[in-house]
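Here are a few worked exercises to try with the model open in your viewer. Have a go at each task before you read its solution.

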Amino acid sequence: MTTIEITRHDQGVRSKTPVTLIKWLFVKLGVLPFLMLAAMITFTLLSDNFLTSRNLINVARQSSYLTIVSLGQMLALISGGIDLSVGTTLAITSVVSAMAMVASLSAMPDMVGLSILIGIAAGLAAGIALGAINGAGISLFGVNPFMMTLGMSSVGFGAALYLTSGIPVQGIPEAFGAILGFGTFLGLPVPIYVTAVLIGIVYLLLNWTRLGRYIYAVGGNVKASRLSGIDPGATLFKTYVLCGALTTISGLMLTARLATGEANIGASMPLESIAACVIGGVSLSGGTGRVGGVVLGAIFIGLVQNGMNLAKVDSYLQMVAIGTILIVAVVADRIRLRLIREMAS
């Protein structure tokens, strides 16, 4: 809708006042460009190192983990749901993969590569299993996505803490971190390449596959999608499995970066991934959202966190800032929708 209605007003924009022009840009582009511009100006003034190439590459690497999780969160939101268990998936993936690697390496000290593969396979199996449980609960038993994933979040964190007693899992092979955590290629960190590949895959999935169209259709109107011959249950199940798989890959890269299995690495990820999606234009009502917007939303949050670190803002205040940005983004989205309705009337 938006494009048609906004295009209808394009012809008269040049004759409008500056305020009207800003309003038109806000309706057409959303709140993200304005937030991005404000952040760039603010942190450039606060730190001389903010716009250096080294720091921007560091921001891209740091944003990789959130970007991947946000892609999964985007799928859940477009389908009309939400996944509050992405933090748990990160934790379980980290703990299980680390424990499997350490156990394999202890049993086979000379087979480092095989131990790494066993750890990756164990982490993938655990993370995808969590996504499958979420999908089964939502699609087969009709559990509200908010309650299902909130419950799984508690179950997962409890299980991760029980397995580790709250102590980081040490003894991961150094080669695992050297490649996936600290490795570089052509001057760029490996996580950036992995993230770029996943962005391309999710883009193709949403825009060029039947499943992608089904996810949009189910999120837009479940009843209409069912009447169109779509199986909403199967679509939702696949959506949450994909969300779990994407989050698991992020968890493996974080584990490699930290060189330990951590039971609490994903505590802030649900809030940050939802914020990245909303800022990037994904509707909390389902049916709307684009990959490019979500990627920029995740990069924006990475820029804000990096800028606050350079400005030596307290970590607790950073949580306040991220939460505030989320609220601002939701309010701005509501205002934008209201303006669109006014323009259409």
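## Exercise 1: Helix 12 from end to end

Most of helix 12 is covered, with 19 of its 27 residues buried. Keep in mind that this is a predicted model.

**Task.** Work out how the reach of helix 12 compares with the expected value, then look at what sits at its start and what follows it.

**Solution.**

1. Begin with the span: the 27 residues of helix 12 reach 39 Å from first C-alpha to last, close to the 39 Å expected at 1.5 Å a residue.
2. Now go to the start of helix 12, where a side-chain oxygen of Asp231 comes to within 3.1 Å of the backbone nitrogen of Gly233.
3. At the other end, check Leu258, which is still found in helix 12. Leu258 counts as partly exposed because its relative accessible area is 42%, and the cut-offs for that class are 20% and 50%.
4. For a long-range check, pick the C-alpha atoms of Leu258 and Ala107: they are separated by 23 Å, with the two positions 151 residues apart along the chain.
5. Helix 12 is followed by Ala259, which has a positive phi near 60°.

## Exercise 2: Thr247

**Task.** Is Thr247 buried or exposed, and what is it in contact with?

**Solution.**

1. Place the residue: Thr247 is in helix 12.
2. Read off its accessibility. Thr247 has a relative accessible area of 0%, so it is buried.
3. Look for a polar partner: a polar atom of the Thr247 side chain lies 2.8 Å from the backbone oxygen of Cys243.
4. Set aside the neighbours within four places in sequence, and Thr247 is in contact with Val69, Val86, Thr89 and Leu90.

## Exercise 3: Positive phi without glycine

**Task.** Take Ser165 and Ala259, and find out where each one sits and how exposed it is.

**Solution.**

1. Start with Ser165, whose phi is near 55°, a positive value in a residue other than glycine.
2. Ser165 lies in the loop between helix 7 (145-164) and helix 8 (174-181). Its relative accessible area is 60%, so Ser165 is exposed.
3. Turn to Ala259, which is not a glycine either, yet has a positive phi of about 60°.
4. Ala259 belongs to the loop between helix 12 and helix 13. With 38% relative accessibility, Ala259 counts as partly exposed.

## Exercise 4: The second largest pocket

**Task.** Which element gives the largest share of the lining of the second largest pocket, and how do the lining residues divide into nonpolar, polar and charged?

**Solution.**

1. Get the volume down: the second largest pocket has about 550 Å³.
2. Find its centre. Of the 19 lining residues, Gln62, Ser268, Met269, Glu272 and Gln305 are the closest to it.
3. List the elements that give two or more residues to this lining: helix 4 (53-78), helix 12 (232-258), helix 13 (269-279), helix 14 (291-310) and helix 15 (315-344).
4. Pick the top contributor: helix 14 has the largest share, 5 residues.
5. Sort the lining by type, and you get 10 nonpolar, 8 polar and 1 charged.

## Exercise 5: Helix 9

**Task.** Which residues of helix 9 are buried?

**Solution.**

1. Mark out helix 9, residues 190-208: its 19 residues reach 27 Å from first C-alpha to last, close to the 27 Å expected at 1.5 Å a residue.
2. Apply the cut-off for buried, under 20% relative accessible area.
3. The buried residues of helix 9 are then Val190, Pro191, Ile192, Thr195, Leu198, Val202, Leu205 and Leu206.

How values were computed
Residues are numbered from 1 along each chain as its sequence is written. This is a predicted model: local features need pLDDT of at least 70, side-chain atom pairs count only at pLDDT 80 or more; totals for chains, interfaces and linings use all residues. Side-chain values use heavy atoms; hydrogens and water are left out. On a 1 Å grid over the protein atoms alone, a cavity is a set of points where a 1.4 Å probe fits but cannot get out, and a pocket is an open set with protein on both sides within 12 Å along at least five of seven lines; lining residues have an atom within 4 Å of a point. Grid points are joined across faces, edges and corners, and a volume is the space filled by probe spheres set on the points. Helices (H or I, at least four residues) and strands (E, at least two) are DSSP runs, numbered from the N terminus. Ala, Val, Leu, Ile, Met, Phe, Trp, Tyr, Cys and Pro count as nonpolar, Asp, Glu, Lys and Arg as charged, and the others, Gly among them, as polar. The expected span of a helix is 1.5 Å times one less than its number of residues. Buried means under 20% relative accessible area, exposed over 50%, partly exposed in between (1.4 Å probe, protein chains only). A polar contact is a pair of N or O atoms within 3.5 Å; within protein, one must be able to donate a hydrogen and the other to accept it, and residues adjacent in sequence count only if both atoms are side-chain atoms. Contact means heavy atoms within 4.5 Å.
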